[in-house]
Every structure is written in C-alpha cells, then in structure tokens.
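Please follow one stretch of this chain through its surroundings, beginning at a loop and then turning to a helix and the elements that pack around that helix.

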Amino acid sequence: MTQLLKDYLNASLGGYEARRKLSEQPHIRKLGYIDQEGKQHAVRELIMSGDLEGTNLIQTEVNATVVEGARLAKAFMDLLPIVRKKGDTYKWPYGETGGYAEIISDAGAEVPMREEDYGAATYDAKLIGVRPMITDSMIEGAQADVIETNIKYAGECVMNRAERVCLSKILQNSGLEHDTGGANQGLKAVAKAVTLLKGSSMIPDAVVMTPNAEGLCMQDVVIPQSPGTDNIVRGQGIPDGYLGLKWRVCNVVDDSASYTWEYDSDGDIGMLVLDTGRAGGIFMPRDLTVKDLKDPIHDMTGMTVTMRMDCQTHVANGACRIEF
C-alpha cells in the first residue's frame, strides 16, 4: 500500500496541525529512519520537525507508488524470462525444442556427439516513458491524494506499454492455434491448447487471457469441488497452479498485424497458452525508473517515469492462440 506517500505529502504540504495528527498515528509511531551517517531517528520526530524533505523518505515512497501502479498491469512481464544488461541491443541464443540420442551397441562402440542447433533473437530496447500530471497548484493546494493517484497512474501507463510490446510480439508470432468454433470456450479450450503445446514437445506452464476469457473460465470452475476455488469466491481470479498453469490477465490493446486481442466474436484471440521458457523473452537494460527528485516536493512537477525494454519471440510453437 502507498499510504505513506500520502502521509508524507500531507506532513510536508500541511501545517503544524496536520503534522501533529499524523505523528500520533500508530503506524507512524512504529517507523524508524536511518540517515546517511547511520544515525537512527523516529519518523514521527522528523514529521514534527518538518524535516522530511531533507531525507529520502518521500523519494522512496514515490518509487514504491510507481511500482504499485505498475504491478496492477503485469502479465507477460511477470511470466517471460528477463535479461537485465546494459546496452540497447542484445542477441539471445536459444536451442532446439527436443531431440533423440542414439542407441549404442554394447560392443564398445563410440558414443556419438550430438550438438544442439541454436537460433538467436535480436533485441533492440526502446525507451518507454511518461510524466505524471502534477502541477504547482496541486502542490500549493496540498492535494496529496491527487498527487499520489497520478504517480500510481504513471507506473501503470508505463507497464501497460511494456505489456503491449510483449503481447503484440508473442501474439503475432505464435505458431499454434486452437479454434473453439464457438463452443467450449473456457477451461476446455485451455486444456486443448495445453495438449497442442505438449504435442509440439513444449512444456506449457502459463496462460495469459483477456478479462472476457477469464470470466468464461471462472464460470467453468465447479465451486466448491474444484481446487483453488476459495480464491475465485474471493474475487481473486483463478489461482496459479490450476491445470498446472500460472494464470494472468492482460487487458491492453495489441498492435498485432494479424490478430485481435479480444474474446467476444468470431476470429478474436482471447488466450495464449505458453511454454514461457521457449515462447520468448524480455530484454530490459533499465527497469521502471523514477527520476531522482533533488527537491522531493517541488521537483514533482517535472518528474518522469521510464523503462527501457524489448520483447522478442524465440520458438513460435511455444505459444498457442485460442480463438473464440
């Protein structure tokens, strides 16, 4: 939760009475802060002294708020392998999907060498960024709730764009498809896609779906007989491990030239079942980053939230489309 950002902003932007009320809150009374010299202070004392802006507490909570907003949008970024390395380009080698060893005679025959054939995907990371809508009037008006909401929204926007890059690349280059033909469009469709992947020597371990597809799958779950239904009853979606898969929802608009990421009419693609170790990867020279604020309050009007990343497909048959 990002309650602390709102607390610190209220303390910095409000008057003495706002600081006094905040310093008496139970969660604030428990907090400590270690400065650059290694000395420990009680956060409530910093609040009462009005010295919060001389610490990194506000910057830390700004970063945490951006990350919380981004977390809401994660799907592919939560599933695909990620390489974090400096530079704009990266060549990612990947191997074959499977092979067979030889049967060797017992008469002292030499065991033959079998060299794996490698392919490689070339990544070209691009900068993704946004500037939260924070104005001088918001700061002057001590609008802590509005500022916090805009910072969280910036994190979500950056992650949405990263998810669109991943979805579009994997969707466009997916090599397998199960067409439901308008019937059995929930869990049975997922099971069919799992079978197709296994038949292509893949190991399916995840499914990414549209919200409509998730709704159809949840309707197929028998409550309370199916495992993990407690999560569904609480509105937490289908739990990881159900059908042996990780379950994620991706609610962004795709840029695919061939497919439409929806699940309400014929031809739509609403789910992708993945072998995440084979389907593709993410190259991320720079993770979600918030520009350092020299003045933690007034520099917010020019703060930026950025990421540098790219996604590429490795083995096409590592992803199976499910058509409506």
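In this predicted model, Ala-142 lies in the loop that links helix H7, residues 136-140, to helix H8, residues 144-172. The relative accessibility of Ala-142 is 28%, and because the partly exposed class covers values between 20% and 50%, this residue is counted as partly exposed. Once neighbours within four places in sequence are set aside, Ala-142 is in contact with Asn-10 and Leu-13. The C-alpha atom of Ala-142 is separated by 58 Å from that of Thr-97, although the two residues are 45 residues apart along the chain.

The helix that follows in this account is H5, which runs over residues 57-71. Its 15 residues, at 1.5 Å a residue, should span 21 Å, and the C-alpha atoms at its ends are indeed 21 Å apart, so the expected span and the modelled one agree. Many positions of H5 are to be found among the buried residues, including Leu-57, Ile-58, Glu-61, Val-62, Thr-65 and Val-66. The buried residues of H5 pack against helices H1 (3-13), H4 (43-49) and H8 (144-172), and also against strands S1 (32-34), S11 (280-290) and S12 (305-313).

Two of these helix partners can be described in detail, beginning with H8. The axes of H5 and H8 are 7 Å apart and the helices pack at an angle of about 50°, which falls outside the ranges for roughly parallel and roughly perpendicular pairs, and therefore the two helices are oblique to each other. Their crossing is right-handed. On the H5 side the contact involves Val-62, Thr-65, Val-66, Glu-68, Gly-69 and Ala-70, which meet Glu-148, Ile-151, Lys-152, Gly-155, Glu-156 and Met-159 of H8. By character, the residues of this contact of H5 with H8 divide into five nonpolar, three polar and four charged.

The other partner is H1, which packs with H5 at an angle of about 145°, the axes being 9 Å apart, and which passes H5 in a left-handed crossing. Here Leu-4, Leu-5, Tyr-8 and Ser-12 of H1 make the contact with Leu-57, Ile-58, Glu-61, Val-62 and Thr-65 of H5. The residues of the contact of H1 with H5 divide into six nonpolar, two polar and one charged. Regarding the spacing of such positions, an α-helix has 3.6 residues a turn, so residues three or four places apart point the same way.

Conventions
Residues numbered from 1 in each chain as written. Predicted model: local features only at pLDDT ≥ 70, side-chain atom pairs only at ≥ 80, totals over all residues. Heavy atoms only, no water. Helix = DSSP H or I, 4+ residues; strand = E, 2+ residues; numbered from the N terminus. Expected span 1.5 Å × (residues − 1). Buried < 20%, exposed > 50% of the residue type's maximum accessible area, 1.4 Å probe, protein only. Contact = heavy atoms within 4.5 Å. Axes fitted to C-alpha atoms, helices over the stretch in contact; angles between N-to-C directions. Parallel < 35°, antiparallel > 145°, perpendicular 65-115°, else oblique. Left-handed = near helix turned anticlockwise from the far one by under 90°. Nonpolar A, V, L, I, M, F, W, Y, C, P; charged D, E, K, R; others polar.
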